[in-house]
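Visitor: I have a structure open and I'd like to learn how to read it. Could we go through it together, feature by feature?

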Amino acid sequence: MTSPRGALQNAPPPYEDVNLYASDTALQEAVTREGGAYAARRLNAFGIVCGSSEAMTRARLADAHPPCLTSHDRYGRRIDRIDYHPAFHDLMQTSVTEGIVGEQIDRMAPATRTANPGRQVARAATVYLAAQMDLGHLASLSTTAAALAALDGVAGLPDDWPALATSRSYDPRPLPVVDKHHIRLALAIGERHAGTDLRAVATQAASQPDAPDDRAFLISGQKWYVTAPSADGCLVLAQAPAGPSLFVVQRFDPDGGGNGLEITRLKRMAGVRSEAAAEVRFDRALGSLVGAQGEGEALVEAMLLHLRLDASLGATGLMRSGLAHALHFAEHRSSRGRRLIDQPVMGEVLCDLALDVEAAVALIFRLARAFDHTDDPRAEAWRRVMTPASAFLVGRLAPSVLAECLECHGSDAYGDELPLARYVRDVQAPGLAHGPGNILAVEVLSTLQRAPEAVATVMEDLQLACGEDPYLLAAHARLERILCEPRLLDRRGRDLAASLAVLAAGTLLRAHAPPAIADAYIATRLGSQPRQAYGQAIDWADRDAILARATPNR
C-alpha cells in the first residue's frame with residue numbers, strides 16, 4: 001500500500017548522498033591517530049563525492065555494462081581495443097583527480113613528505129572511500145601505485161613515467177606513452193601452469209646483443225590473468241638468462257604499433273565487472289629490464305606488499321559500506337510494531353558485525369602507518385609480518401560480514417538496485433588476485449623462516465600493547481607456544497596468520513576504542529566460548545553504545 005503521494009509505507013529512505021568520511025567515526029579516529037589528520041578536510045570533501053547518488057549510479061552502470069573487447073578493426077587489422085562504459089571513465093577521473101597514485105610516491109614530493117609524514121595513511125583513507133563507490137576501477141590505480149613505490153630508485157623505468165603516472169589528469173586514450181599526459185601500469189605475472197610459483201614462469205625474455213640498450217629484451221609467452229590489460233604499460237615476469245626477471249612492456253610502439261601484445265580473451269568474472277581481466281599473449285614484445293636479471297621475484301614480492309594493503313583497504317571499505325546499509329535499513333524498517341534495530345536478535349547481529357568492521361579499520365590503518373616509515377626497522381618488521389597476516393584476516397571476514405549485512409536486508413538486497421549484492425560478488429577478487437588465504441598463510445611462515453627477527457619484533461610490540469588484559473596476554477602466550485613448536489608450524493600457518501591479526505586488532509581496540517567496543521571484541525574473539533554465527537554470545541555487551549558509534553545516521 002502506498003500513501004497518496006506515492007511513498008512506500010515502512011520502507012527506508014534511500015541511503016545516498018551520505019558523507020562517507022564524516023559518518024564513519026572509526027575511520028576518522030584511525031586517520032587522526034595514525035598520522036593522516038592533515039588531510040581531514042580533503043577526505044571530508046572526497047567522502048561527499050564517494051557517497052553521492054551520482055557516484056552510486058555510475059558504479060551501478062559500470063558494473064551492469066562490463067568492458068568489451070574488439071580484437072580487429074573492419075579491415076582485419078589487430079587492434080585489441082577494450083571499450084568501457086562512460087560511467088567507468090567518470091569513476092576513474094574521480095579517483096585519479098583525488099591522487100590515489102600520486103600520494104604513493106615518496107620521491108615525487110620530498111618537501112610534502114617532510115611536512116606530512118602520514119601521507120600513506122591519508123592515501124589509505126582515499127582508497128577505502130573510493131572502494132565504496134566501485135572496487136573494479138581501483139585495480140590499475142593500485143597496480144600503478146604499487147609498482148612505482150616498490151620500484152622507486154630501481155633502474156629500468158623510463159625517467160618520465162613516475163610523473164606521468166602521478167598526474168591527476170586522467171587520460172584513457174589508446175595512444176603511445178609519448179603522446180599521453182597520464183599513464184597506468186598493469187601486472188602480468190601468473191601463468192596457467194605455474195599458479196603462484198614465481199620461479200616457474202615459462203614466459204621467455206631473449207636478449208638483443210646488437211641493440212644499443214643492453215636492457216632491451218624480446219618477451220614471448222602467455223599470461224593467464226592480467227587485470228586492466230588496457231593499461232599503457234605492463235610489468236611482466238619472464239625467464240631471462242640469469243633467472244626470473246621483471247620487464248616493462250609498453251602497450252604501443254612509439255609509432256602506434258601494437259608491440260607484440262595480444263589480448264587472447266577477456267575473462268567472465270563473477271565480480272569487479274567494471275574493469276577488464278584478460279589472458280594476454282606476448283609475441284616478441286619489446287621490453288625493458290627493470291632492476292637486474294634474476295631479481296624479478298624480489299621485485300614482485302615488494303609490489304605485492306603494497307597491493308595487499310590496497311586489497312585489504314578495499315575489502316574493509318566494502319565491509320563498512322555493507323554495515324552502514326544494514327544499519328540504515330534496520331533503523332528505518334519496522335516489524336511487529338518495533339524498529340528492526342530495537343529487536344534483540346537483529347540488534348545483536350548488527351552489534352557483532354560492527355565489532356569486526358571496527359577491528360578491521362584499526363588494523364589496516366595501523367598497517368598503513370608502517371608504510372609511512374620506510375626507514376624504521378620496527379615499521380619494516382610490521383610491514384613484512386602484518387601485511388599478509390592482516391590481509392588473511394580481512395579476506396576471511398569480509399565475505400561473511402557482507403553476506404550477513406545482505407541478510408539483514410532480506411531478499412531485496414540480492415538485486416542490483418542496492419549495492420550489497422555487488423559488494424558480495426566483488427569483495428574476494430583483489431585477494432584472489434594478489435594472494436588467496438593459503439598463500440598469505442605460507443607467506444607468514446616464510447617470513448618467520450627468512451626473517452625471524454621481524455616476527456620477534458612484532459611479538460615484542462604486541463606483548464607491550466597487551467598491558468594487563470588477561471585475554472590479550474593469554475592470546476599472546478598461545479602465539480608464543482605456536483612459534484616454539486617448529487615441527488607443527490607448517491600445519492598451523494592459517495592459525496598463526498589469523499591469531500597475529502586478531503591479537504593486533506585487539507590491542508589496538510583496547511588502546512584506542514571505547515571500552516564497549518574493546519571489551520566486546522576481545523571477549524568474543526579471544527575468549528573461550530564457541531561461536532558459529534554472528535549475534536552469538538554477545539548478549540552481555542553494551543549494544544546501544546556499539547551501534548550508536550557505528551551508525552551513519554547521526
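Visitor: Let's start with contacts. Apart from its neighbours within four places in sequence, which residues is Thr94 in contact with?

Guide: A contact here means heavy atoms within 4.5 Å. This is a predicted model, by the way. Once you skip the neighbours within four places in sequence, Thr94 touches Phe46, Val49, Arg58 and Met133.

Visitor: Where does Thr94 lie, and is Thr94 buried or exposed?

Guide: Thr94 is part of helix H4, which covers residues 86-98. For burial, check the relative accessible area: under 20% is buried. Thr94 comes in at 18%, so it counts as buried.

Visitor: And Arg123, buried or exposed?

Guide: Use the cut-off again. Arg123 has a relative accessible area of 1%, so it is buried. You'll find Arg123 in helix H6.

Visitor: How far apart are the C-alpha atoms of Arg123 and Met346?

Guide: They're separated by 35 Å, with the two positions 223 residues apart along the chain.

Visitor: Now a whole helix. Which residues of H1 are buried?

Guide: List the buried positions, then ask which way they point. In H1, residues 25-34, the buried ones are Ala26, Leu27, Ala30, Val31 and Glu34. Their arc around the axis is only 130 degrees, so they sit on the same side of H1.

Visitor: What do the buried residues of H1 pack against?

Guide: Four helices: H2 (40-50), H6 (119-131), H10 (344-372) and H19 (543-550). That H6 is the helix that holds Arg123.

Visitor: What follows H1?

Guide: Gly35 does, and its phi is positive, near 110 degrees.

Visitor: Zooming out, how many helices and strands are there in the protein chain?

Guide: 19 helices and eleven strands. To judge the overall packing, set the radius of gyration against the globule rule. Here the radius is 24 Å and the rule gives 24 Å for 554 residues, so the chain is as compact as a globular protein of that length. The C-alpha trace spans about 80 × 70 × 45 Å along its principal axes.

Visitor: What share of the residues counts as buried?

Guide: 55% of the 554 residues. You can also look at sequence separation: among contacts with a separation of 6 or more, 72% join residues 24 or more positions apart.

Visitor: Last one, charges. How far apart are the mean positions of the positive and negative charges?

Guide: Average each set's positions, then compare. For the 56 positive and 66 negative charges, the two means are 3 Å apart.

Key:
Residues are numbered from 1 along each chain as its sequence is written. This is a predicted model: local features need pLDDT of at least 70, side-chain atom pairs count only at pLDDT 80 or more; totals for chains, interfaces and linings use all residues. Side-chain values use heavy atoms; hydrogens and water are left out. Helices (H or I, at least four residues) and strands (E, at least two) are DSSP runs, numbered from the N terminus. The radius of gyration is taken over C-alpha atoms; the globule rule is 2.2 Å times the number of residues to the power 0.38. Buried means under 20% relative accessible area, exposed over 50%, partly exposed in between (1.4 Å probe, protein chains only). Lys and Arg count as positive and Asp and Glu as negative; His and the chain ends are not counted. The place of a charge is taken as NZ of Lys, CZ of Arg, CG of Asp or CD of Glu. The arc is that of the directions from the helix axis to the C-beta atoms.
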